[in-house]
Each structure stands twice: as structure tokens, then as C-alpha cells.
Amino acid sequence: MRAFPQSLRWRLSAVIALVSVVLAVALSLLVRSEFSRAQLADARRVQDERIQLVVRDYGLTGRAALGSRIDAADVPDELLDAVRGGRRATYLQRTPDGAWIWAAAQTDGKVLSLRSSYADRDATLRQLDRVLVLGSAAVLVLATVLGIVLGGRLSRRLRRAAVAARRVADGDATLSVGAEIGDRPRDEATELAHAVDAMAAALRARLVAERRVTADIAHELRTPVTGLVTAAELLPPSRPAELVRDRVTVLRALVEDILEVARLDAATERAELVDVPLGEFVSRRVPSAVVTDAETVRTDPRRLERVLVNLLQNAERHGEPPVVVAVEGATIRVRDHGPGFPPEILAEGPSRFRTADPNRADGHGLGLTIALAQARVLSAELTLQNATDGGAEVVVVLPSAP
């Protein structure tokens, strides 16, 4: 069964059309009922006036005038019951032969009756029915068109707002959702767009502040860490000195990684692109790499090496051997045979200072973050996935050289 259309345009059109049909039918029934009632009342009034003339003339001349009859056999029983006791009455009779409007009165023990055709009034009522049906159909068409136009306009504005919001979420800081959909008419869509713009501006300001703090902290730590490295090198050979030098080296690497993340966050990094034979490039750095139909890519060798090294280190730290590197066309695949990426990393992507195993002390969660950011600078596509037969796999697709 086909699902009901979920577009706001069609739902709004359907609601407007449904309400219009209900109103048109209700008004048509009301008009028809009132017209039929007024028409019958007029026919009864005319017949009553005629029967009064007949009764008056009968009292003077003793004859039945105006086509009336005395004690006619076909007078309806309901009408006879109504005129007993010297009263007057009218009655609408519908038979297979047609509709008739009756009037009768009892005088001197006799019943004088008149019968006139009601067919002309029924014909008028049928004409009114046709007009009402055509009018209801016209209302339905106009309401549907109006609903499509109004719903389409609102739907287009909301779609433009959604597209603009996605672009803002992707990092386009120059885009305004409110400017994309316009300020006219100033309706709920406009208010929603301004609210989204305000929220995006607040989040952007917070991110900028956090990145500035991170960069400032890293810059402030760089000088004392450099002094610690120099001082550690001057320590006399011993086991404690080796531990100090090892931890200072890790701290220095962490500060350099934070500084690199801060530079990448600022979106000021630019790649120095050259043509690079991808198979030869990877094989020189990973002799065990499997190369198949490798292409020449347009990339920055220094940044690509940084991506490759970070992916290998991440696989060695958090995965299990063997770590396999494969090159095919313009694609690099780095795969380990460990437990694979956690679901939250696959769903949300890598996050700084969050590792696959929070109980492990080796690693600060910056390796994949830096690799992903450097891939963006290279206009490459980096994808995290789990292999079907186990293990984490990272796929890097580079732009081919023209």
C-alpha cells in the first residue's frame, strides 16, 4: 500500500481541501434545505388561498370552482383526517406519477379539494442541486490549488532553511538561514530561521572560544615543555632518568598535537599540492603495503604522510596485528584485526581526548582527529568502518591528478 505523502505541501493541501469540502457540503445541504422549505411553504400558501376562494364561491353558487372537486375519491387519507371538523389543510403527495400539492376544506359535510402539480418546483430544486454540486466542486478545486500554492511556498521556505542549516552545520560560517528564506512574510518559518541563526552564532562563538583557549594553553606549555626536554637530556643515565625522558617526550608530542589541532580548527591551513604516485609513496613508507593499479594523485605529501602515520599508530595502539595497508587506484585502506571501532565513534566520528578504550593510558584520542582534519585540507574523503570479518578499517580516497 502506498504511504500517504509526508510533504508539508500535500498535507496542508489535503487539510484545506478536506475542510473546504466539509464546509461546501454543509452549506449546500443548508441552502437546499432552506430553499426546499421556503418553496413548499410558498406552494402551501398559494393552494390555501385558492381553496379559500373555492369555499367562498361554493357557499355563494354551490359549484366547485377553479378546477376543484367535491368528495373526490383520490384525496389522500392524511388530508381527509386533517380537514375533519370544518378545517382547511394542505398536503404534499409524492407518487410514482409525480409530486402533487393538495388543498382541501370541509364545508356543509362535503370535502372540497384542489390538486396542482409540484413538478415545476421539483425541477427548480434539481437545478439548484446541480448548481450546488458544481459550486462545491469549484470550491474544492480552488481550495486545493490554494493549499498547494500556500503549502508549496511554506514548504520551499522550510526546505531552503533546512539546506542552509545543513550548510551551517558543515561549517559555512558566512551563511544565514534567515537571509536564505527572506523576512517576508514574517511567519513562524522566519522566526525559526532567526532562532537557528542565533543558536548557530552562540555555538560558533563557544567553539571559537574553546579553540582559542586550547591554542593558548598549548602555546603557553610549549616553552616550559621544551625546557623540560632539555633538562631531561642533562640527567645522568639511570632508570628514573629514562622514565622522566619518556614522559617528557610524550608530553611534548601531546603539546605539538594540540597545537596542530588548533591550527587545523582555525581553517587557515592550505595544502601544497603536487602530483604524487600513490603506490610508490605508500610503499616507501610501508614496505608491506599491497599495491594494485595505483594512480597518481594530487596531494600534499607532508600532510598525506601525517595522515598515514596517524592511522598506522592508531591501528597499532588500539587494534591487533597484523595491520594491513592496501592501495588501489586513489584509495588507501588501513586495517587491523582488533575489536573494531566502537559504535559511538562510527556514529559521531572521532573526538579529541576520547580513545576507543578509556581505561588505556597510551593515546589521547588526537590521532584520528588530526588525520580527519588533514584529510579535509587535502580534499580527501576519510571513512571509518568495521570490516565484515572483524577489525577496524579506515578508507582514504584522494583526488586523482588531472
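Between which helix and which strand is the loop that holds Pro322 found? In this predicted model, Pro322 is found in the loop that runs between helix 8 (301-318) and strand 8 (324-328).

**View A. A cis peptide bond between Pro321 and Pro322.** The peptide bond that joins Pro321 and Pro322 is cis, with omega at about 0 degrees. Most peptide bonds are trans. The loop that holds Pro322 follows helix 8 and leads to strand 8.

**View B. Positive phi at Asp71 and Ser379.** Asp71, although not a glycine, has a positive phi of about 50 degrees, and this residue lies in the loop between strand 1 (69-70) and helix 2 (77-83). With a relative accessible area of 43%, Asp71 is partly exposed. Ser379 is likewise not a glycine and has a positive phi of about 60 degrees; Ser379 is found in the loop between helix 10 (367-377) and strand 10 (381-386), where its relative accessibility of 59% makes it count as exposed. Most residues other than glycine have a negative phi.

**View C. The buried side of helix 7.** In helix 7 (residues 278-285), the buried residues are Leu278, Gly279, Phe281 and Val282. These residues lie on the same side of helix 7 because they cover an arc of only 165 degrees around the axis. Their packing partners are strand 5 (274-277), strand 6 (290-292), strand 7 (296-299), helix 8, strand 8 and strand 9 (331-335).

**View D. The largest nonpolar core.** This core has 32 residues, and those with the most contacts inside it are Val282, Ile332, Leu382 and Val396. Two or more residues each are given to the core by helix 7, helix 8, strand 8, strand 9, helix 10, strand 10 and strand 11 (392-397), with helix 8 giving the most, six residues. Leaving aside residues up to four places away in sequence, Val396 touches Val307, Leu311, Ala330, Thr331, Ile332, Ala380, Glu381 and Leu382. In soluble globular proteins, nonpolar side chains tend to be buried together.

**View E. A nonpolar patch on the surface.** Val21, Val25, Leu29 and Leu140 make a nonpolar surface patch of about 300 Å². Helix 1 (residues 8-61) gives the most to this patch, with three residues. Leu29 lies in helix 1, and with a relative accessible area of 56% Leu29 is exposed, since the cut-off for exposed is over 50%.

Terms used:
Residues are numbered from 1 along each chain as its sequence is written. This is a predicted model: local features need pLDDT of at least 70, side-chain atom pairs count only at pLDDT 80 or more; totals for chains, interfaces and linings use all residues. Side-chain values use heavy atoms; hydrogens and water are left out. Patches are made of residues with over 30% relative accessible area and no salt bridge: like charges are joined within 9 Å, nonpolar side chains (Val, Leu, Ile, Met, Phe, Trp, Tyr) within 5 Å. Accessible areas come from the Shrake-Rupley method with a 1.4 Å probe; for residues, only the protein chains shown count as cover. A salt bridge is a side-chain nitrogen of Lys or Arg within 4 Å of a carboxyl oxygen of Asp or Glu. Helices (H or I, at least four residues) and strands (E, at least two) are DSSP runs, numbered from the N terminus. Buried means under 20% relative accessible area, exposed over 50%, partly exposed in between (1.4 Å probe, protein chains only). The arc is that of the directions from the helix axis to the C-beta atoms. Contact means heavy atoms within 4.5 Å. A nonpolar core is a set of buried Ala, Val, Leu, Ile, Met, Phe, Trp, Tyr and Cys residues joined through side-chain atoms within 4.5 Å.
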